[in-house]
Amino acid sequence: AKRIEEAGADSICIKDMAALLTPYETERLVKALKSAVNIPIQLHTHYTSGLASMCLLKGIESGVDVIDTAMSPLALGTSHAPTESMVAALQGTEYDTGLDLKLLTEIREYFMTLRKKYIDSGLLDPKLLAVDANALIYQVPGGMLSNLLSQLKQAGKSDKFEEVLKEVPRVRADAGFPPLVTPTSQIVGTQAVFNVILGERYKTVTKEFKGLVKGSYGKTPAPIDPEFRKKILGDEQPIDCRPADL
């Protein structure tokens with residue numbers, strides 16, 4: 001965090017894309033960051049596991065400067081904690097946002113029409129607006145869940161959703177535990193979908209997954225098993241330097 005501040009960052013964002021933060025972990029993390037740097041700390045977490053509101057409140061009490069929320073019609077599930085609920089929770093305290101709940105209600109009405117429109121069109125699946133505590137086990141980010149379900153629907157395999165969720169951590173482990181943020185989340189997720197719907201792991205390997213294993217996206221947090229890399233790359237040599245320097 002200090003190196004980030006020294007590099008000239010204006011703020012640091014804790015991005016919990018997979019909704020894995022717990023309230024007391026949030027408290028420890030925010031306090032540690034606030035004691036280490038002087039720039040603002042932002043907290044971004046999803047509601048997938050059901051812990052977001054509690055994490056935000058603990059973060060606020062620990063000194064976080066900014067929290068990310070969503071208007072209630074499009075909140076919860078793979079989205080964020082509801083804006084209106086957080087505003088109400090903080091009213092009359094030292095953390096009062098000063099936002100007017102009555103005005104927020106007017107904004108809410110606008111998003112209610114969008115919610116209905118997107119649900120009716122099939123673009124928004126109500127399943128993704130529910131809490132799934134299994135996220136703490138599968139460790140799949142909210143945006144990635146949406147993409148996985150969309151891919152399976154297009155393939156007529158939406159019944160394989162749970163199976164794909166179990167496959168994602170296995171693919172991630174094979175690939176050296178890359179962080180599940182864009183673009184690596186889509187790369188790992190798409191490969192997991194192929195592994196499941198084709199009935200054989202790595203029968204088909206996407207160009208992007210091959211690039212991930214090769215090192216085209218940089219060094220992975222954990223080493224990749226040489227035999228697995230050979231299986232994916234064949235005779236191609238892995239990249240052992242910073243890809244941008246090639």
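Start by selecting helix α4, residues 83-90, and colour T83, E84, M86, V87 and L90, which are the buried residues to look at in this helix. Looking down the helix, you can see that they lie on the same side of α4, because they cover an arc of only 165 degrees around its axis. Keep in mind throughout the tour that this is a predicted model.

Next, leave α4 shown and add its surroundings: the cover over its buried residues includes α3 (52-61), β3 (66-67) and α5 (101-121). Then step just past the end of α4 and select G92, whose phi is positive, at about 75 degrees.

From here, widen the selection to residues 1-105, the range that UniProt lists, in an unreviewed entry, for "domain: Pyruvate carboxyltransferase". Within residues 1-105 the chain is 40% helix and 11% strand, and if you draw a distance between the C-alpha atoms at the two ends of this range, the viewer should give 38 Å.

Now turn to the cysteines and select C13 and C55 with their side chains shown. How many disulfides does the chain contain? The count comes to zero, and the sulfur positions show why: the cysteine sulfur closest to that of C13 belongs to C55, and at 14 Å it is too far for a bond, since a disulfide needs two cysteine sulfur atoms within 2.5 Å. Taken from the other end, the sulfur of C55 has that of C13 as its closest cysteine sulfur, again 14 Å away and too far for a bond. With a surface switched on, compare their settings: C13 counts as partly exposed, with a relative accessibility of 40%, whereas C55, with a relative accessibility of 0%, counts as buried.

Finally, show the whole chain as a cartoon and trace it from the N terminus, where the elements follow one another as α-β-α-β-α-β-α-α-α-α-α-α-α-α; in total there are eleven helices and three strands. Rotating the C-alpha trace onto its principal axes, you will find that it spans about 65 × 50 × 30 Å. Of the 246 residues in the chain, 40% count as buried, and a surface drawn over everything has an accessible area of about 13,600 Å², with 54% of that belonging to carbon and sulfur atoms. If you display contacts between residues at least 6 apart in sequence, 64% of them join residues that are at least 24 apart.

Terms used:
Residues numbered from 1 in each chain as written. Predicted model: local features only at pLDDT ≥ 70, side-chain atom pairs only at ≥ 80, totals over all residues. Heavy atoms only, no water. Buried < 20%, exposed > 50% of the residue type's maximum accessible area, 1.4 Å probe, protein only. Helix = DSSP H or I, 4+ residues; strand = E, 2+ residues; numbered from the N terminus. Arc of directions from axis to C-beta. Contact = heavy atoms within 4.5 Å. UniProt positions renumbered as here; feature names shortened; annotations may be inferred. Areas by Shrake-Rupley, 256 points an atom, 1.4 Å probe, with all protein chains shown as cover.
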